[in-house]
Amino acid sequence: MFLELLINGITLGGIYALIAVGYTMVYGVIQLINFAHGEIYMLGAFFALTFISAFNMPFFVAFALSMGCAAICGMLLDVVAYRPLRNSPRLAALITAIGMSIFLQNLAMIIWGSRPMPFPQEHLPAYFNQTAFVVGETPISWLQAYIFICTIVFMAGLNLIIHKTKVGKAMRAVAQNKTMAALVGINVNQVITVTFALAGALGAAAGILVGAYYNSVYPLMGYIAGVKAFAAAVLGGIGSVPGAMLGGFILGIAEALGAGYLSSLYRDGISYAVMIAVIIFIPAGLFGKIIRETKKSM
Amino acid sequence: MNILAFSQYERADWVRLGCLVAAILLPFTPLANEYVLHTCILIFLYMILALGLNVVPGFNGLLDLGYVGFYGIGAYTAGLLTVHYGLSFWVILPLAAINGAIWGVLLGAPTLRLTGDYFAIVTFGFSELVVLFITNETWLTRGPLGLPGIDPPSIDLSWLGGPVIWLEGDSLGVYYLVMALVLVTLFVMYRIQNSRLGRAWFAIRDDELAAVSCGINLLVYKVIAFAISAAFGAVAGAFYARWVTVISPDAFLFWESFFILCMIVLGGLGNIWGVMLGAAILVSLGEVLREILPLLGLPENSRFLFYGLLMVVMMRLRPAGMLPIAAVAAQMKTTSKRRLAWFKKKGSAA
């Protein structure tokens, strides 16, 4: 029982970690809670579903293509909605983020309908549901293993991008000080847009994996997952990428164990409660620093 | 001040007075039917909610995404007290307000020390927890089945030797009842914004650092604001419960919070007249969209597509709303321009 829950929790945690990284990166560079990030995750899942069922693409091609599409969506989101408000007060940007989130949710509802759609199982690789290996007495399917591997690979790749490439260096510079970054010749707006693209691609990957894992994709899936992933980002210390990864896993495991041992009715409540508790008692999270408002609050 | 010295009034005052007179007379015009009255009651209900929410984002500049949690708390407080104890509407109203305010303080006191972003997300989490509680604790709330059999509002004249008037299915009575509640809310808000409390809030909204320097205790004033906002949310909830007589958790989802936020953003953050206008416009628009959307083959809930878009467009083009107040407009709009000017000046000086 415990082992099974733990494995479920790790699978779930990997997915939360992938989404949480998107929140934390965007927050790191522009100090904005991108509420619409959950919707990019949802769109990613729908893109993959559409590519697979309408165009008969193989799963892995659809996976890569949807990540690309979601990256473009993320960039568009930034350019259309957030860039004009770059110097506006935080309240304006937050309200815009909420507005975009609701807008995209309803757009998806109009395009794909509000009922959950099953992921076309016959197009998934057949070995996904077979047992990869057995830990103790708990079998782990290839899909679960695949989710875990994907999470690790994407995280490692992201770390490489952030720490070894020029774009990553520019991102870190922008996160530290936008004015100084601009003075040394970094195109700040471009770097921010690239950040949104990266966040979008990772979010989409999470969405597709969830869609395949739970075999259902629906317009409201981004709403709850988004908040949970945000809770994970807060737990890890917002702005910190390793923190978001760790936070995602902790939250996933806590949720699985809580649902198993305490009450499955309050499954979603566990994340909210963890988030509120973290914000109240350790607002800096596990790896973050306390955020002071540099601009006026409004 | 002699209120009959007409020369002191501005045109806006006459417009407001005209709206009030029109609202009072509306049920006696040929326009009035059951549907119109029902819509108007809804408008008034949302006016109370919008006025209550406005205290936090409008007066204090903090985003509150969990307002509907207090609305739900008020509704279930009223519902349970009515069903189990049969208390009168007029006893329940203050009890609901107190319960809302208590939760506002409990939630606000630890979280209002934090930055605005964290506060926004905590309020969101809180309202989700409220809905989860209502849905899952079926022994208390009957969960998704809803809590039926709540008495309608009543006007008790027995202490004068008169009858007890039950406003069951009496749209006209409910119409005037909720209008009175709006007027009371409006009066409170109007007096608060011109009081020491209101001035402190505006100072916090305009510049926290300056406000602290003037000796304003940020946490205390923010918690007071949050508690007052919560209390009015709960009052609206109590009225709602007694009006519809059946409440269920799906009336208190995040959509409602967003809808009310749309009203105050559209009308004008911080402007009590603006947020009332916003409520009237969006509730009416909702009714219109309810008719139009099915004709276009869209689900009724997709009207939120327009509201979401509305928020984005408003923030871009007219961030201080339809009836902006100067302080908010100055902050929301000119930040970028002011900075640009500063850079230009620096550039030419160098």
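# Reading helices, turns and burial in a two-chain model

L25(B) sits in helix α1 (residues 11-25) of chain B. This is a predicted model, in which local features need pLDDT of at least 70, side-chain atom pairs count only at pLDDT 80 or more, and totals for chains, interfaces and linings use all residues. Residues are numbered from 1 along each chain as its sequence is written, while chains are lettered from A and ligands numbered from 1 in the order in which they are written.

Me: Is L25(B) buried or exposed?
Reply: Start with the count: a residue is buried if 20 or more other C-beta atoms lie within 10 Å of its own, exposed if 12 or fewer, and partly exposed in between, with C-beta atoms placed from the backbone. L25(B) has 10 such neighbours, so it is exposed. Compare A20(A), in helix α1 (residues 2-30) of chain A: with 35 other C-beta atoms within 10 Å, A20(A) is buried.

Me: And what makes a stretch a helix or a strand?
Reply: Here they are DSSP runs, numbered from the N terminus: helices are H or I with at least four residues, and strands are E with at least two.

Me: How far apart are the end C-alpha atoms of helix α2 of chain B?
Reply: Work out the expected span, which is 1.5 Å times one less than the number of residues. For the 27 residues of α2(B), residues 34-60, that gives 39 Å, and the end C-alpha atoms are 39 Å apart, so the two agree. There is still a kink of about 45° at N54(B), shortly before the proline P57(B); the bend at a residue is the angle between axes fitted to the seven residues ending there and the seven starting there. As for cover, 20 of the 27 residues of α2(B) are buried. After the helix comes G61(B), with a positive phi near 70°.

Me: What does helix α3 of chain B look like by those checks?
Reply: Its 19 residues, 67-85, should span 27 Å, and the end C-alpha atoms are 27 Å apart, which agrees. α3(B) is mostly covered too, with 15 of its 19 residues buried. G86(B) follows α3(B) and has a positive phi, near 60°.

Me: Which residues have a positive phi without being a glycine?
Reply: Most residues other than glycine have a negative phi. Two asparagines go the other way: N56(A) has a positive phi of about 55°, and N215(A) also has one of about 55°. N56(A) lies in the loop between α2 (37-55) and α3 of chain A, and is exposed, with 10 other C-beta atoms within 10 Å. N215(A) belongs to the loop between α8 and α9 (221-236) of chain A; its count is 14, so N215(A) is partly exposed.

Me: How do α3(A) and α8(A) cross?
Reply: Two packed helices are described by the angle between their axes and the distance between the axes. The axes of α3(A), residues 59-82, and α8(A), residues 188-214, come within 7 Å and cross at roughly 140°. That makes the pair oblique: angles under 35 degrees count as roughly parallel, over 145 as roughly antiparallel, 65 to 115 as roughly perpendicular, and the rest as oblique.

Me: In which sense do strands β1 and β2 of chain A pair?
Reply: Two strands pair if DSSP finds at least two bridges between them. β1(A), residues 131-135, and β2(A), residues 138-141, pair in the antiparallel sense over 4 bridges. V134(A) stands opposite P139(A). The hairpin has 2 residues between its strands, and G136(A) in the turn has a positive phi of about 65°.

Methods: Axes fitted to C-alpha atoms, helices over the stretch in contact; angles between N-to-C directions.
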